[in-house]
Protein chains: 4
Amino acid sequence: MTLQLGVIGTGAIGRDHIHRITNKLSGAKIVAVTDVNSEQAHAVVKAENINAKVYKTGHDVINASDVDAILVTSWGPSHEEFVLASIAAGKPVFCEKPLATTAAACKRIVDAEIAHGKQLVQVGFMRRYDQGYRALKKVIDNGQIGEALMVHCAHRNPSVDSTYTGDMALTDSFVHEIDVLRWLLNDDYISAQVILPRRTRLADKNLQDPHFVLLETKQGIRIDAEIFVTCKYGYDIQCQVVGETGTANLPEPLSVLMRSEAKLSTEILTDWKKRFLSSYDSELQEWIDSTIKGEMHGPSAWDGYFASVTADACVAAKHSGNIIPITMPERPAFYARK
Amino acid sequence: MTLQLGVIGTGAIGRDHIHRITNKLSGAKIVAVTDVNSEQAHAVVKAENINAKVYKTGHDVINASDVDAILVTSWGPSHEEFVLASIAAGKPVFCEKPLATTAAACKRIVDAEIAHGKQLVQVGFMRRYDQGYRALKKVIDNGQIGEALMVHCAHRNPSVDSTYTGDMALTDSFVHEIDVLRWLLNDDYISAQVILPRRTRLADKNLQDPHFVLLETKQGIRIDAEIFVTCKYGYDIQCQVVGETGTANLPEPLSVLMRSEAKLSTEILTDWKKRFLSSYDSELQEWIDSTIKGEMHGPSAWDGYFASVTADACVAAKHSGNIIPITMPERPAFYARK
Amino acid sequence: MTLQLGVIGTGAIGRDHIHRITNKLSGAKIVAVTDVNSEQAHAVVKAENINAKVYKTGHDVINASDVDAILVTSWGPSHEEFVLASIAAGKPVFCEKPLATTAAACKRIVDAEIAHGKQLVQVGFMRRYDQGYRALKKVIDNGQIGEALMVHCAHRNPSVDSTYTGDMALTDSFVHEIDVLRWLLNDDYISAQVILPRRTRLADKNLQDPHFVLLETKQGIRIDAEIFVTCKYGYDIQCQVVGETGTANLPEPLSVLMRSEAKLSTEILTDWKKRFLSSYDSELQEWIDSTIKGEMHGPSAWDGYFASVTADACVAAKHSGNIIPITMPERPAFYARK
Amino acid sequence: MTLQLGVIGTGAIGRDHIHRITNKLSGAKIVAVTDVNSEQAHAVVKAENINAKVYKTGHDVINASDVDAILVTSWGPSHEEFVLASIAAGKPVFCEKPLATTAAACKRIVDAEIAHGKQLVQVGFMRRYDQGYRALKKVIDNGQIGEALMVHCAHRNPSVDSTYTGDMALTDSFVHEIDVLRWLLNDDYISAQVILPRRTRLADKNLQDPHFVLLETKQGIRIDAEIFVTCKYGYDIQCQVVGETGTANLPEPLSVLMRSEAKLSTEILTDWKKRFLSSYDSELQEWIDSTIKGEMHGPSAWDGYFASVTADACVAAKHSGNIIPITMPERPAFYARK
């Protein structure tokens, strides 16, 4: 069978997904699209040379009879509405992060999905599909370093544009670590602390940069993470897990080892889009495959909710200077870890 | 459009290709298969859950009216026959290496294809599709190390089974370097020398191991390559290009960096099948894409022919102890480098 | 001229120093020794084949007319007494760490030295003499990574013996980072926080292991350091400085890169004594050279005092769970940074 | 006891040795010097602040009654004369490489030393004292990679000056590999072949660069070595030994790992003098120590002779294009490997 997809939002990420599903992946095709800018939706359909109908609204896409499942790639504030509508229609929905823009909204989605009685929602945390993180998880799960005790992370961008402000380091950048580390450790967070190190002179005057975040898990694992979005030298994601008998590092991306100009070097990417490129492919291929089987294995609505609550705690920790407890309801059996 | 494929040979590699085309790649489907063991062909169709007709012979597959293009994955001695028949039928054909088992047979294919007037044949040298080799080629083509002067290679297997005998180190293992280095350097070979180093005591008594091969290119680039198929420690492919201003190494496969048991280490693969796994995906996806467009970009019949002549020269060099010239007709314009 | 040295304490480290000064270094000789175990002092003189007089007490050594300078390598609680006596005698003194066992005692030494009017005391913080730390400092001082913003450290031992108890992770192990990072950053500390991560099951039941320490400097640089003394895999000292334009890591010790048993690896030391072996040579050679010139360039009494106050703050932070301010008097001009 | 040394030749290397013996090493002092430029000899004595008598000739230094041993650091063509005179005087002599400028002259030294009846001559092949080569040798000697089968080397200089001509790549640069690999492998050479790869456009027009040398040992080990003296990027010495169960690489020099300007890099030295700096210290300290004991452990006159014969064979191989046998008399028991 071929899974027939409707896409809500044909901006950058939406168009990327349309392209990869059409040209690189197996088992699905785009039959319906929409965008707040209808003209742009039409242009994408033409440029990608797909046979898809352009609808007026996301709700039209969701309710189209030939649409089996939905991709929500519209802007964040509209996610809640379309995810809830997909659940109401009983159709599987893949929603780009964030699941919703507030923890309360995430909670409403969780509640709706539980009420529906079957998992339908997957959130676009693509790092779980990265070959490197998966290799790292395998090392941990195999017990190759004993039980995990600490995790040291860095999330560095060469620079950010002027729309990157306020607490986005926590809510937009660090949120990827928030999700992937819970998955990596099979654990949940119980507190957050945020330290503000000496500021770089190379960031915008109004931007605190870097941040240093400390998370504590239920099992007592301590995570420290530097988020440094004006680091100049490259887009660099580091993760070292320290276990009882050894440490394991997230692999560096594959690169040619050069000897040139008095340096022995490998390249560091500068464009974040290239860093997790193949993760997007795996993420969507696996989502297509499991959706066809009527299953759901990826980051759930619960994971999206947990990420939102944790990011909120980090923001509160930053502004108060205090250690902030992270309080979540008990994980419902509905979302049991597999 | 969906490319409809016929597969001749449903052994290990044939079945692998059927699986990836069906489940991971886009744009093609298997509609016809055959195998000398008809029962096995039926079993694969069932196991892979594909809707393909099982034919009695390769010629039936080639001539089936719904078959747009052919995959030849039967045993080597049958390649010439099926590739020639595909050309005769005017259908694109992807043939696993070797193109044919003798240089003369390869030449017959080249002649037939030229006579046909349009390139139809691609040979399964998958290393050209490896992300690492491609990154290396980009460094060279960009002039990042100046003109290439030397290439140092190693091709190491942990061990080989009892069917691996005689000159297979040259004709079966090193043949991959033969093809990929011509492509990497945009150059051709003019001579070969083979040195027999001290033998490992860990190989079968009747097996010379390792070999050390020297190739000279038209531009004077010197290639040295160690082929060591009982190296015990892993499957390890090394390639360093030395240019006028620097050197560039084939990237190591992605691996978790560990600190454990008094070692800072990454893993070396031991199973060769895992080393170029994703290259097979890219190789076939690109072949499907270009075939749909009526184009042919991969390793050509000419490349298969050149590999065969070079391997023969290496074997002659090994047995004579001499430097053996590699003589080929002029490259026909038909096979001009793009 | 040859500097004539008296050694107080001929235990492990004392004897090591006697051996290196006699056989590897230039410009000094041992003329006087003492130990609480007089027999052992005689044995060392004999075994090392040196022409040195064995005295009854440290004071006798200090006051011997042919002794130009003193090495204090006795046990910690006796350091204050012998350092003060050396100052009283106006003789240069190299004292192994700790300078004294309490901050108050360190302060008494600082006061005595200032009263004497000339720097005479050097403390045995040998990491400042490590080739790796020196290369790292050069990178920072040259501005190659801009201003330092954060430092990520790890101090790992494979295991500790039963005498290693209580807060020794902070006072005995981490004290090396305390000194070397002040020197590396040309900065001082203003607060300490200590986090207790999930404990390893492989340490003694009564030992908290690991610790995670956070230090803040005057300039706002944030240091995080893992101290993990039962890490099993090796003796491993890590230090990454994050600056405005890049990061710089303490070099790994020189090691043969191996490909063996499915691993690409270098060795990690397991014996801490080997890690800074050549640093001891440089430390003493430079101390001899500068002492002969009547100068003093190494870690000063002030540095010993600062280390003591900082270690005390870490201990207080650990037991309270609070962020503890580190309060020191203004740095006297007498100890101005050079 | 203090070894009293006479130095013949106070040029660059002579002065360096005077400096290190005086200021860094233990157990020796310079009491006599000479140079063809007498003024320069006086200047060095003054600048290095040593209490040494300046003699008119090398023979005067050798025969001075207070001179226990000799350092020959004069220009190559004078080495034979002073080494022979030292043997005649029965005094230990350390001679910078080359031992003599022809194989015949080396043979005369060997004969004279055997006639004298006791080893007195050490040749200045400092790589045997390099920490990296020693670590590599330990790995091989410990059997960590089984028996050695092949060695892959590179000897690269960023550039050479206009005095570097003709076959100096073989006689001046590669001669270091010639000596150190015999020692590393505990083996001798039996043939040489030299291949001339495509030339770099960045070398002087009259200079062949690079060279590619193949050596065969008695045990059948095959060595390949690239000598590339205009490689532009740095001074880089590579050596990989391939054994039956693994490979081992000469360690890279210690360097700070940097993340900067889109590169993860370590520094490659550009100044060859810095590469083996500490090897010179070890070489001379160990020579002093063993000379005081009346022993001789370093590279012998026989080793100097073997290096000369091998270099000659390489030159003949280069100019003839042939594989040239390396013929030496049987190793005399006098020079038995220890």
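A salt bridge is a side-chain nitrogen of Lys or Arg within 4 Å of a carboxyl oxygen of Asp or Glu. Keep that in mind for the views below, which come from a predicted model.

**View 1. D236(A) and R259(D) reach across from one chain to the other.** The side chains of this pair meet in a salt bridge, with 2.9 Å from N to O. That distance lies within the 4 Å cut-off, so the pair qualifies. Between chain D and chain A the count is 4 salt bridges. Polar contacts also cross here: 10 residue pairs, both partners at pLDDT 80 or more, are found across the interface of chain D and chain A.

**View 2. Chain D and chain A share a contact of 16 residues from each chain.** About 1,300 Å² is buried between chain D and chain A, and carbon and sulfur atoms give 53% of that area. Look for R259(D), A262(D) and L264(D): together they supply 43% of the area that chain D buries against chain A, more than any other three residues. You have already met R259(D), as the salt-bridge partner of D236(A).

**View 3. Three strands of chain D each bring at least two residues to the side that touches chain A.** After the 10 residue pairs in polar contact across this interface, it helps to see which strands take part: β11 (236–243), β13 (257–260) and β14 (263–267) of chain D. Of these, β14(D) gives the most to this side, with 5 residues. Sorted by class, the side of chain D that touches chain A has 4 nonpolar, 5 polar and 7 charged residues.

**View 4. Strand β14 of chain A pairs with β14(D).** The two strands run antiparallel and are joined by 5 bridges. Which residue of β14(D) is the bridge partner of S265(A)? The partner is S265(D). S265(D) also marks another spot: of the residues of chain D, S265(D) comes closest to the rotation axis, at 2.1 Å for its C-alpha.

**View 5. A half turn carries chain D onto chain A.** A turn of 180° with a shift of 0.0 Å along the axis lays chain D on chain A, with an RMSD of 0.0 Å. The two copies are therefore related as by a two-fold rotation axis. What about the surfaces they use? Because 100% of the interface residues of chain D are also interface residues in chain A, the copies meet through the same surface.

**View 6. Chain A also meets chain C, with 37 residues from each chain in the contact.** Here about 2,900 Å² is buried between chain A and chain C, 57% of it on carbon and sulfur atoms. The count between chain A and chain C is 4 salt bridges. In one salt bridge, E147(A) joins R198(C), with the closest N and O atoms 3.1 Å apart. The polar contacts between these chains number 15 residue pairs, both at pLDDT 80 or more.

Now turn to the strands of chain A: β7 (148–156), β8 (189–195), β9 (211–217), β10 (222–228), β11 (236–243) and β12 (246–249) each supply at least two residues of the side that touches chain C. The largest share, 5 residues, comes from β7(A). By class, this side of chain A has 16 nonpolar, 11 polar and 10 charged residues.

**View 7. A half turn also carries chain A onto chain C.** A turn of 180° and a shift of 0.0 Å along the axis lay chain A on chain C, with an RMSD of 0.0 Å. Here 100% of the interface residues of chain A are also interface residues in chain C, so these copies meet through the same surface.

Methods. Residues are numbered from 1 along each chain as its sequence is written. Chains are lettered from A and ligands numbered from 1 in the order in which they are written. This is a predicted model: local features need pLDDT of at least 70, side-chain atom pairs count only at pLDDT 80 or more; totals for chains, interfaces and linings use all residues. Side-chain values use heavy atoms; hydrogens and water are left out. Copies are superposed by least squares on the C-alpha atoms of residues with pLDDT of at least 70 in both. Contact means heavy atoms within 4.5 Å. Buried area is the accessible area (1.4 Å probe) that two parts lose on being put together, summed over both. A polar contact is a pair of N or O atoms within 3.5 Å; within protein, one must be able to donate a hydrogen and the other to accept it, and residues adjacent in sequence count only if both atoms are side-chain atoms. Helices (H or I, at least four residues) and strands (E, at least two) are DSSP runs, numbered from the N terminus. Ala, Val, Leu, Ile, Met, Phe, Trp, Tyr, Cys and Pro count as nonpolar, Asp, Glu, Lys and Arg as charged, and the others, Gly among them, as polar. Two strands pair if DSSP finds at least two bridges between them.
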